[in-house]
Amino acid sequence: LTLKDVCSSSLPISFFFPSLIIKTLHTHFLYIHCELPPAMAAISFPDLSSPAGLKHLDDYLLARSYISWHQASIDDLVVFCAIKEEPNADFVNASRWYKHIRALVGRCFPGSGVGVQIEGYAPPLQSRELPVEPVPDALEPSPAPPLDRAVKAEDSDEDLDLFGEETEEEKKAAAEREEKIKASAKKKESGKSSVLLEVKPWDDETDMQKLEESVRSVSMPGLLWGASKLVPVGYGIRKLQIMMTIVDDLVSVDNLIEDYLLVEPRNEHIQSCDIVAFNKI
């Protein structure tokens with residue numbers, strides 16, 4: 001008795017091996033390569049809607065992953081269609097195989113069905129080969145366009161001068177289109193930024209309310225002041241943290257600090273300014 005004889009036999013594997021090593025054999029059998037015989041007889045099962053038929057299938061799948069050797073085939077689909085519902089826990093091998101085939105079928109048919117009942121139903125796809133779809137006949141040539149349409153198309157082609165010189169109106173329209181395209185591209189490139197500015201006073205005697213008022217008094221196109229708060233530094237000194245939103249093409253933060261915040265009369269309250277955060281919006 002050889003392993004090839006066991007693989008090609010239709011008898012359950014328990015017929016050849018003692019029951020004590022069935023579980024061990026079941027664990028490792030799928031990793032053993034069996035050479036297929038040149039020809040294999042058709043596999044037959046009893047009524048799979050009965051407990052006896054499911055028991056036969058369960059015994060058959062004890063040492064097999066699929067109905068026909070080591071990969072899923074049309075035989076698995078035929079047997080799957082012949083089973084009306086998933087085998088219960090009493091049929092461990094059949095239940096394991098059923099769930100696996102159902103998962104494979106589900107990948108090909110992801111939609112959810114409502115159920116179909118067919119009178120005189122017989123399991124489809126009885127052959128071991130997938131049916132080949134007939135090759136369709138060659139497509140018939142599309143009908144020629146009506147004569148009047150063809151004549152009108154020829155007339156319109158004659159009126160179109162592809163190599164003629166542009167008129168002044170056409171040149172002007174083309175220039176306007178280019179200007180609009182450039183303006184639109186520049187507008188898209190022009191973005192906004194959110195900046196957190198930190199403003200420090202000279203000492204603890206500086207009026208922080210007047211300091212904030214002097215900061216917010218700076219006004220220019222593209223600048224919008226936001227929320228603010230006072231943060232303790234030490235020795236009774238506090239600093240101002242204030243948010244602002246700027247249009248990048250209109251406002252330079254460095255120029256804002258040097259030309260507006262650190263000049264008279266604002267520098268009477270402001271000792272220095274630092275950029276804490278700078279984020280594109």
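Colleague: Which residue of S3 stands opposite Leu 223?

Modeller: This is a predicted model in which local features need pLDDT of at least 70 and side-chain atom pairs count only at pLDDT 80 or more, whereas totals for chains, interfaces and linings use all residues. Residues are numbered from 1 along each chain as its sequence is written, and side-chain values use heavy atoms, with hydrogens and water left out. Helices (H or I, at least four residues) and strands (E, at least two) are DSSP runs, numbered from the N terminus. In S3, the residue that stands opposite Leu 223 is Ile 246.

Colleague: How many bridges join strand S2 to S3?

Modeller: Two strands pair if DSSP finds at least two bridges between them. S2 covers residues 223-234 and runs antiparallel to S3; Val 231 stands opposite Lys 239, and Gly 234 opposite Ile 237. The number of bridges joining S2 to S3 is nine.

Colleague: Which residue in the turn of the hairpin of S2 and S3 has a positive phi?

Modeller: The hairpin leaves two residues between S2 and S3. Most residues other than glycine have a negative phi. The residue in question is not a glycine, yet its phi is about 60 degrees; with a relative accessible area of 82% it is exposed (over 50%; buried is under 20% and partly exposed lies in between, with a 1.4 Å probe and protein chains only). This residue of the loop between S2 and S3 is Tyr 235.

Colleague: In what order do the four strands form the sheet?

Modeller: Eight bridges join S1 (residues 192-201) to S3 (residues 237-247), and these strands run antiparallel; Ser 193 stands opposite Ile 246 in S3. S2 and S4 are the edge strands, each pairing on one side only. Neighbouring strands are turned by 20 degrees against each other on average, direction ignored. The sheet is open, its pairing is antiparallel, and its order is S2-S3-S1-S4.

Colleague: What angle does the direction of H9 make with that of S4?

Modeller: Axes are lines fitted to C-alpha atoms, for helices over the stretch in contact, and angles run from 0 to 180 degrees between N-to-C directions. H8 lies across S1, S2, S3 and S4 and runs at about 15 degrees to S3. H9 packs on the sheet and touches S1, S2, S3 and S4 (contact means heavy atoms within 4.5 Å). The direction of H9 makes with that of S4 an angle of about 160 degrees.

Colleague: How many residues does the largest nonpolar core have?

Modeller: A nonpolar core is a set of buried Ala, Val, Leu, Ile, Met, Phe, Trp, Tyr and Cys residues joined through side-chain atoms within 4.5 Å. Among the residues with the most contacts inside the largest one are Leu 197, Trp 225 and Met 244. S1, H8 (208-216), S2, S3, H9 (253-261) and S4 (270-280) each supply at least two residues, and a second, separate core of 15 residues includes Tyr 66, Val 79, Ile 83 and Tyr 98. The size of the largest nonpolar core is 21 residues.

Colleague: At what angle do the axes of helix H4 and helix H5 cross?

Modeller: The axes of H4 (residues 74-82) and H5 (residues 92-108) come within 10 Å. Angles under 35 degrees count as roughly parallel, over 145 as roughly antiparallel, 65 to 115 as roughly perpendicular and the rest as oblique. H4 is therefore roughly perpendicular to H5, as the axes cross at roughly 110 degrees.

Colleague: How many charged residues has the contact of H4 with H5?

Modeller: H4 contributes Asp 76, Leu 77, Val 79 and Phe 80, and H5 contributes Trp 97, Tyr 98, Ile 101, Arg 102 and Val 105. Ala, Val, Leu, Ile, Met, Phe, Trp, Tyr, Cys and Pro count as nonpolar, Asp, Glu, Lys and Arg as charged, and the others, Gly among them, as polar. The contact has seven nonpolar residues and no polar ones, and the number of charged residues is two.

Colleague: Which proline follows a cis peptide bond?

Modeller: Most peptide bonds are trans. The bond that starts at Glu 264 is cis, with omega near 0 degrees. The proline, in the loop between H9 and S4, is Pro 265.
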